[in-house]
Amino acid sequence: MDYDPTLLLQVEDATKSFPGVMALSGMRLDLRRGEVLGLVGENGAGKSTLMKLLTGIYTRESGKFWLDGEPLDVRNPREAEQRGLSIIHQELNLVPHLTVAENIWLGREPRAGGVFTRPAAQIRRTQELLDRLGLDLDPKALVSGLSVAKQQMVEIAKALSFDAKVLIMDEPTSALNEAEVAALHHLIRRFVTPTTGVVYITHRMAELTAITDRITVIRDGKYITTTATATTSLDDVISHMVGRAIDTSARPVGVREDRDIVLSVRNLRAKTMVRDVSFDLRRGEVLGLAGLMGAGRTETARAIIGADPLTGGEIVLRGQPVTIHNPAQAANLGVGYLSEDRKKYGLMLGLDVAHNIAISSIGAQFTTAGFEKKHAVEAAATRITDLLKVKTPSIFQQTKSLSGGNQQKTIIGRWLLKDCDILIFDEPTRGIDVGAKEEIYQLLNRLAAEGKSIIMISSELPEILRMAHRVVVMSDGRVTGVLPAAEATQEAIMALATISADKEMS
């Protein structure tokens, strides 16, 4: 690819390596003026490395970059922003105790005489920026009090305050509901003009069709292809990403009603988000829990495992009523919970894989007189990582260095070692690429076939439809319907998910 002055952003033959790893080799990318370019690839494909090269976080070993017709060679993110290239990372980079205005102009505050800050001028400039972008935000509001969606908007306003020409968005919708995604996409369309463009990184394949003009696929640090979104099937995109065809149309066939009920929840109530929840879970079943953001799905899971206290209702476990006071007791009763935020509530990222797997089973099996039996821990962790095909150089590798999919497998391994036969997965594939998703799906299906019972909470309806034998739909803290796999469609689920709290349940 020769230098093309008509392009907004161009990357040619970029190379970057780390000790023992070739992260990028001969990478290329081109962003046209006025377009949204989707950038996709599995975890470890090189997307983040490429973005860090563009923004000066990493130094490239070879290759040439151009921005708006001029060579791009920056030494740090601030220089990149000054040149008109801004990136919004998946994990937001805001200061919670500061206001919206203070976050946007942090380090660039208007000053009188170059010394004293001018708060009134800062607020005025912020309001002008928010008005220009059509954002409904209060410049004086603390960021800590904003929803994730509104914090995302603050990040966008901050990026555009540099008069950005190119906006790079890394997994911008991973924590947003459908309405918030639609609002974000509207904002992106407002930003894109004949002189600007967006590089949009996502694992959510359906979003590519909704927002992008073209799609660039990279794999194993190499450029694969760029195609027009309108003439490309998502199955083709996925095949390019993983290097093989994946059947995304597979559907479960249901679970026999003569299977034992292992968990029964009746009229469950907890806090304000769980008002009246009842359902049964059978042995060997994958039960989907669907609903919009705020429906009470996560809160229901937390109530079941004792993370939040019940205010009413009953939990029957394997035919016996139980009162579960905390997650440790739930685990001892064979109920494991995988939080939607695996890094905050699931994993100890500084610990190695072996101890993340063994941590919930520490006891006579792995200790003698208070001392750890290292060989027992090593043997158990090796057995579990082999069983789940966790990709890691060693079981003593720090967990933070694993890909998202392998981190998720590590948590699953913890509960398998604990011998939990009921597993509650909250957003099990959030932030995981399509190839790793398929591995997780196959693993959950195998566990169900072996008799494990699984509750899957997911905001991605295609995932629910792909995996669930039955779908329990919630709205406003209540169950509004239960659909067998044969009757479950996106339309049917959404109809039940949008029933308001004051509408009488049938």
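Three exercises on a predicted model follow, each with a worked solution.

Residues are numbered from 1 along each chain as its sequence is written. In this predicted model, local features need pLDDT of at least 70 and side-chain atom pairs count only at pLDDT 80 or more, while totals for chains, interfaces and linings use all residues, and side-chain values use heavy atoms, with hydrogens and water left out.

**Exercise 1.** Find which residues of the largest nonpolar core touch the most other members.

*Solution.* Begin with the term: a nonpolar core is a set of buried Ala, Val, Leu, Ile, Met, Phe, Trp, Tyr and Cys residues joined through side-chain atoms within 4.5 Å, where buried means under 20% relative accessible area (1.4 Å probe, protein chains only). Among the 34 residues of this core, those that touch the most other members are L135, L167, M169, I188 and V198. Next, take L135, which, apart from neighbours within four places in sequence, is in contact (heavy atoms within 4.5 Å) with L130, M153, A157 and L187.

**Exercise 2.** Decide whether G405 is buried or exposed (over 50% relative accessible area).

*Solution.* First locate G405, which lies in helix 14, residues 404-417 (helices are DSSP runs of H or I, at least four residues, numbered from the N terminus). Its relative accessible area is 4%, so G405 is buried.

**Exercise 3.** Compare the expected span of helix 15 with the distance between its end C-alpha atoms.

*Solution.* The expected span is 1.5 Å times one less than the number of residues. Helix 15 (residues 434-449) has 16 residues and should therefore span 22 Å, which agrees with the 22 Å between its end C-alpha atoms. Just after this helix, G451 takes a positive phi of about 105°.

Definitions and conventions
Helices (H or I, at least four residues) and strands (E, at least two) are DSSP runs, numbered from the N terminus.
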